Amino acid sequence: MRIAMIGTGYVGLVSGACFADFGHQVCCVDMDAGKIEGLQAGRMPIWEPGLEALVKANSEHGRLTFTTDLPSGVANAQAVFIAVGTPARRGDGHADLTFVFDAVRELAKVIKPGTVVVTKSTVPVGTGDEIERILKEEGVTGVSVASNPEFLREGAAIADFKHPDRIVVGAEDEHAREILREIYRPLFLNRAPILFTGRRTAELTKYAANAFLAVKISFINEIADLCEAVDADVQDVARGIGLDNRIGPKFLHAGPGYGGSCFPKDTLALLQTAEKFGVDQRIVRTTVGVNDDRKAAMVDRVERAIGSSVQGKRIGVLGLAFKPNTDDMRDAPSIPLINSLVERGAKVSAFDPVAREQAEKVFNNIEFAHDAYAAASGADALVIVTEWDEFRALDLDKIASSMGGKVLVDLRNVYDRQEAEEAGLTYFG
Ligand code: UGA
């Protein structure tokens with residue numbers, strides 16, 4: 001199949017590279033000339049395990065090309081995927097569809113009948129209808145519009161793409177279904193289930209999936225608070241409930257609140273859709289509030305652990321990205337925590353294995369350490385914010401002996417209380 005991918009952000013680039021790896025001919029289009037030049041030279045704009053090798057290999061085979069010129073990029077495509085950003089609009093949380101509609105207007109000038117336009121970006125219910133309306137307004141006929149949301153996790157995106165739990169395709173005509181079935185055929189051979197739905201249903205399914213996962217996380221975070229109060233272990237509670245197949249073990253890790261480019265934005269956008277249609281979504285609304293409060297409360301936990309204000313204290317922070325295996329800082333729980341620590345007069349020394357460059361754009365008032373031990377050195381408390389693998393087997397004796405206050409605040413429950421205490425640390429999970 002001949003595919004055009006508009007937008008080479010995280011979703012577009014991973015999807016484009018994986019489609020090319022299936023053997024399709026893929027052209028990725030982006031208006032950012034620097035990004036395209038970099039990709040042509042094999043430089044990745046994001047840090048995602050396995051992506052660089054995949055892009056290089058498929059570029060070398062000529063299956064994956066990059067251009068800033070949309071007309072030539074989409075010229076012969078049978079399917080044009082739109083994977084541009086849909087950030088939350090400042091002020092009201094609505095998904096900002098400017099980039100999507102701009103791309104559609106550009107596309108309208110060159111698209112040929114028979115092409116299928118597919119939204120891969122996360123877009124609110126009704127966006128496919130609006131795209132259809134714009135195409136019609138621009139005089140385009142004979143083009144199908146479909147929705148094919150992505151369910152990739154950053155840091156595991158390539159594996160998620162190649163071994164999906166399911167593929168959701170929302171289409172209103174058989175031609176679009178045929179083209180998408182053909183595009184995903186390599187995955188059906190691996191028995192990945194494909195679910196064909198109406199277009200609006202597919203659009204909503206994406207939001208419902210992310211909102212449900214956000215609810216699950218906030219639920220276990222509240223249970224974690226209760227565990228702390230009654231001296232129970234939330235890890236064991238999560239395991240105890242997760243072994244029930246109806247509940248499932250995943251997304252029950254208590255932590256400092258969910259972050260990233262998806263859950264915070266998508267839950268807000270779902271609420272906006274619900275409001276627009278006059279349907280209250282109390283559970284999701286509450287989840288958003290619980291998560292905001294949780295992120296804001298982490299600084300109090302550090303103070304409780306130290307037993308005093310952080311004023312004048314030195315705090316080591318391990319992990320800045322919103323989760324491991326990414327350099328993405330968007331809505332990372334580290335941001336409100338570090339900002340509050342600094343506001344309350346603490347000196348922060350932080351280390352992240354890959355997010356330093358991104359983090360330097362966010363924080364200008366902290367020190368960046370070159371490794372976990374340097375972040376801990378001389379600290380009154382060490383706070384694990386992101387559970388990178390390399391923080392899971394630290395030499396706790398070495399950490400403890402280099403610290404001032406010897407307090408370990410483990411916001412991801414990576415360590416066992418006993419092993420931390422044996423190393424002479426006061427442990428707060
Ligand atoms: C999420 C979804 O998992 C993907 O399926 C979806 O495609 C993607 O959003 C998207 O909409 O593009 P992602 O944001 O990359 O993926 O990361 P997750 O692994 O889902 O983690 C999100 C946040 O939840 C992180 O801050 C993570 O630390 C937190 N989390 C996750 C927990 O606190 N506890 C958990 O048990 C799981």
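This is a short tutorial dialogue on reading a predicted model, from its domains down to single loop residues.

Reader: What should I keep in mind about numbering and confidence before I start?

Author: Residues are numbered from 1 along each chain as its sequence is written. The model is predicted, and local features need pLDDT of at least 70, side-chain atom pairs count only at pLDDT 80 or more, while totals for chains, interfaces and linings use all residues.

Reader: Thanks! Into which domains is the protein chain divided?

Author: Domain bounds come from an automatic or database domain assignment. Here they give domain 1 (2-196) and domain 2 (198-429). Taken over C-alpha atoms, the centres of the two domains are separated by 31 Å.

Reader: How many residues of domain 1 are in contact with domain 2?

Author: Two residues are in contact if their C-beta atoms, placed from the backbone, lie within 7 Å. By that rule, 26 residues of domain 1 meet 25 residues of domain 2. On the domain 1 side, helix H6 (127-137), strand S6 (144-147) and strand S7 (167-170) are the elements that give two or more residues. Helices (H or I, at least four residues) and strands (E, at least two) are DSSP runs, numbered from the N terminus. S7 supplies the largest share of that side, 3 residues.

Reader: How do the residues of that side divide by class?

Author: Ala, Val, Leu, Ile, Met, Phe, Trp, Tyr, Cys and Pro count as nonpolar, Asp, Glu, Lys and Arg as charged, and the others, Gly among them, as polar. The side of domain 1 that touches domain 2 has 14 nonpolar, 9 polar and 3 charged residues.

Reader: Now the interior. How many residues does the largest nonpolar core have?

Author: In soluble globular proteins, nonpolar side chains tend to be buried together. A nonpolar core is a set of buried Ala, Val, Leu, Ile, Met, Phe, Trp, Tyr and Cys residues joined through C-beta atoms within 7 Å. A residue is buried if 20 or more other C-beta atoms lie within 10 Å of its own, exposed if 12 or fewer, and partly exposed in between, with C-beta atoms placed from the backbone. The largest core has 80 residues, and Ile-6 and Val-80 have the most contacts inside it. This core takes at least three residues from each of domain 1 and domain 2. Apart from it lies another core, of 47 residues, including Met-298 and Ile-338.

Reader: Which residues does Ile-6 touch?

Author: Not counting residues up to four places away in sequence, Ile-6 touches Val-29, Val-80, Phe-81, Ile-82, Ala-83, Val-84 and Ala-103.

Reader: How do I check the length of helix H10?

Author: The expected span of a helix is 1.5 Å times one less than its number of residues. H10 (residues 199-230) has 32 residues and should therefore span 46 Å; its end C-alpha atoms are 47 Å apart, which agrees. Just after H10 comes Asp-231, with a positive phi near 60°.

Reader: Where else is phi positive in a residue other than glycine?

Author: Most residues other than glycine have a negative phi, and most peptide bonds are trans. Asn-325 has a phi near 65° and sits in the loop between strand S9 (314-318) and helix H14 (334-343). Asn-413 has a phi near 50°, in the loop between strand S13 (407-410) and helix H18 (417-422).

Reader: And which residues are closest to the ligand?

Author: A residue is near a molecule if its C-beta atom, placed from the backbone, lies within 6 Å of it. The ligand is surrounded by 21 residues, the closest being Glu-154, His-253, Tyr-258, Gly-260 and Cys-262. H10 and helix H12 (263-276) are the elements that give two or more residues to this shell, and H10 gives the largest share, 3 residues. By class, the shell has 10 nonpolar, 6 polar and 5 charged residues. Each of the two domains contributes at least three residues to the shell.

Reader: One last pair: are Pro-256 and Gly-42 buried or exposed?

Author: Pro-256 is buried because it has 26 C-beta neighbours inside 10 Å. Its place is in the loop between helix H11 (234-242) and H12, and its C-alpha atom is separated by 7.2 Å from that of Val-385, 129 residues apart along the chain. Gly-42 has 12 such neighbours inside 10 Å, so Gly-42 counts as exposed. Gly-42 lies in the loop between helix H2 (33-40) and helix H3 (51-60). Leaving aside neighbours within four places in sequence, Gly-42 is in contact with Glu-52, Val-55 and Lys-56.
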